[in-house]
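Let's take a walk through this one, following a few side chains and seeing where they lead. Have the viewer open as you read.

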Amino acid sequence: MKNKIVSENIGRLIRDRNFTQKELSSKANISRNTINKLSSTKRENNPKLSTLIEISKVLDVDFPQLFSRNINMKSTYDRDMNLESYLNIFIQNIEIKLRGSKQKFLSSDPGIRESTVSELLNSKNADPRLSTLIAISEQIDTRLELLFRRGEDV
């Protein structure tokens with residue numbers, strides 16, 4: 001999965017919710033330049049997890065939906081969830097997928113350092129970048145959307 005899906009979904013949500021990039025920037029407390037990058041499929045972006053969660057909160061969409069090819073525009077943001085909650089779910093789902101395997105397996109991908117994986121799984125990286133999350137999901141062959149859902153069959 002590429003960042004393109006996230007960019008397409010953010011752009012679609014901005015239009016669907018009748019927001020301007022300036023309004024989203026102001027309400028999410030994220031620079032307009034960052035919003036512009038994130039909503040453009042032509043520009044590379046590598047946002048932090050907190051940035052994507054804040055955008056989904058302001059646009060009132062279920063956070064994991066940002067990673068879905070078939071985004072449900074009527075889904076709403078779960079106000080009981082935050083960065084720490086989503087990160088904990090992600091880590092728990094990774095641990096479930098890794099049962100019987102070593103975490104070093106995740107860093108065999110050229111794009112992920114073993115220290116990055118270790119910091120993430122040991123809750124020392126409280127705000128990972130999208131590229132890290134995508135690389136991990138690809139390494140374990142699980143859609144990123146599912147890794148942020150509790151109780152899903154990952």
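Is F148 buried or exposed? Keep in mind that this is a predicted model. With a relative accessibility of 2%, F148 counts as buried, because the cut-off for that label is under 20%.

So who keeps F148 company? Start with F63, which is buried as well. The ring centres of F63 and F148 sit 5.1 Å apart and their planes meet at 75°, so this pair is edge-to-face. It's a long-range link, too: F63 belongs to the loop between helix 4 and helix 5, while F148 is in the segment after helix 8 (144-147), 85 residues away along the chain.

Now swing over to Y86, another partner of F148. Here the centres are 6.3 Å apart with 75° between the planes, again an edge-to-face pair. Y86 is part of helix 5 and F148 comes after helix 8, so this pair ties together parts separated by 62 residues in sequence. Y86 is buried, also at 2% relative accessible area.

Zoom out a little and these pairs turn out to belong to a cluster of linked rings: F63, F67, Y86, F90 and F148. In total, the structure holds six aromatic pairs.

Y86 has a second role in this picture, at a helix contact. Helix 4 (residues 49-58) packs against helix 5 (residues 83-98) at about 120°, the axes being 10 Å apart, and the crossing is right-handed. Helix 4 brings L49, S50 and I53 to the contact, and helix 5 brings L83, Y86 and L87. Sorted by class, that makes five nonpolar residues, one polar and no charged ones.

Methods. Residues are numbered from 1 along each chain as its sequence is written. This is a predicted model: local features need pLDDT of at least 70, side-chain atom pairs count only at pLDDT 80 or more; totals for chains, interfaces and linings use all residues. Side-chain values use heavy atoms; hydrogens and water are left out. Axes are lines fitted to C-alpha atoms, for helices over the stretch in contact, and angles run from 0 to 180 degrees between N-to-C directions. Helices (H or I, at least four residues) and strands (E, at least two) are DSSP runs, numbered from the N terminus. A crossing is left-handed if the near helix is turned anticlockwise from the far one by less than a right angle, and right-handed if clockwise. Contact means heavy atoms within 4.5 Å. Ala, Val, Leu, Ile, Met, Phe, Trp, Tyr, Cys and Pro count as nonpolar, Asp, Glu, Lys and Arg as charged, and the others, Gly among them, as polar. Rings of Phe, Tyr and Trp (its six-membered ring) pair if their centres lie within 6.5 Å; planes under 30 degrees apart count as stacked, over 60 as edge-to-face and the rest as tilted. Buried means under 20% relative accessible area, exposed over 50%, partly exposed in between (1.4 Å probe, protein chains only).
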